[in-house]
Amino acid sequence: PHVVSATPRLEGFALVSNDTATKVAQVIGTDPELENNMTDLKDKLIKGAYLKSDSDGVLVAEGLMKMLKLQVGDSLVLYGQGYHGQMAAAIYPVAGFIKMPFQELNNSLVFLNLKTAQRFYSAPDRITSLAIMIDKQSHLDETIHHLKKLEKYAVMRWEEMLPDMYQSIQLDNASGIIMLII
């Protein structure tokens, strides 16, 4: 009860490179439409085209784009470890760039279509997480209680999954209050 939408994701890390520049990035495979419905990712697009369910392109966060000196249409090399320790390596065209609200995310995110990520990581039909949106914040504890009964899944609040981001938000809120007092 109370679940409005759910977005499957396959998340991992990989070395991403263009020409001679290389950086570690978080790679998120997702269903583009479901992701947009949950996080408004399409609204964060600053250049290029948003992903489609059948595309092999990637969306790169703006900070990472600058570090790697990427342009729309460039090739981005991903190199990492796949499912069961297999090597994961591929070249994808850059479809577009997104601007994330936090610098840490803006310097390290690459999005691709879920099926493309599953091929990259040699993990067909697998996901690492299912992001769930509920109708009201007041239903959170009840929803978590229902989900924990399933036992085969670990259920975590976003604050537990992203403690650094949570602390950044808390710090930002506290500094805003201090500014209001001043």
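**Reading strand β5 and the core around it**

Author: This is a predicted model. Start at a turn: β5 and β6 form a hairpin with five residues between them, and His 84 in that turn has a positive phi of about 60°.

Reader: How many bridges hold β5 to β6, and in which sense do the strands pair?

Author: Pairing is read from bridges between strands. Here β5 and strand β6 (residues 87-98) are antiparallel and share seven bridges. As a register mark, take Tyr 79, which stands opposite Ala 89 in β6.

Reader: Which residue stands opposite Gly 80, and how many bridges join β1 to β5?

Author: Strand β1 (residues 3-18) runs antiparallel to β5, joined by four bridges. Ala 14 is the residue opposite Gly 80.

Reader: Along β5, which side chains are buried?

Author: Buried means under 20% relative accessible area. In β5 (residues 75-81) the side chains alternate: Leu 76, Leu 78 and Gly 80 point to one face and are buried. Ser 75, Val 77, Tyr 79 and Gln 81 point to the other face and are not buried.

Reader: Which residues have the most contacts inside the largest nonpolar core?

Author: That core has 25 residues, and those with the most contacts inside it include Leu 76 and Leu 78 of the list, along with Val 16, Val 58, Val 60, Leu 70 and Phe 120. Among the elements that each supply at least two residues are β1, β5, α2 (62-68) and α4 (114-120). β6 gives the most, with five residues.

Reader: What does Val 58 touch beyond its sequence neighbours?

Author: Leaving aside neighbours within four places in sequence, the contacts of Val 58 include Leu 76, Tyr 92, Val 94 and Phe 111. Phe 111 belongs to a second, separate core of 12 residues, which also includes Leu 41, Leu 51 and Ala 61.

Conventions: Residues numbered from 1 in each chain as written. Predicted model: local features only at pLDDT ≥ 70, side-chain atom pairs only at ≥ 80, totals over all residues. Heavy atoms only, no water. Buried < 20%, exposed > 50% of the residue type's maximum accessible area, 1.4 Å probe, protein only. Pairing = 2+ DSSP bridges. Core = buried A, V, L, I, M, F, W, Y, C linked by side-chain atoms within 4.5 Å. Contact = heavy atoms within 4.5 Å.
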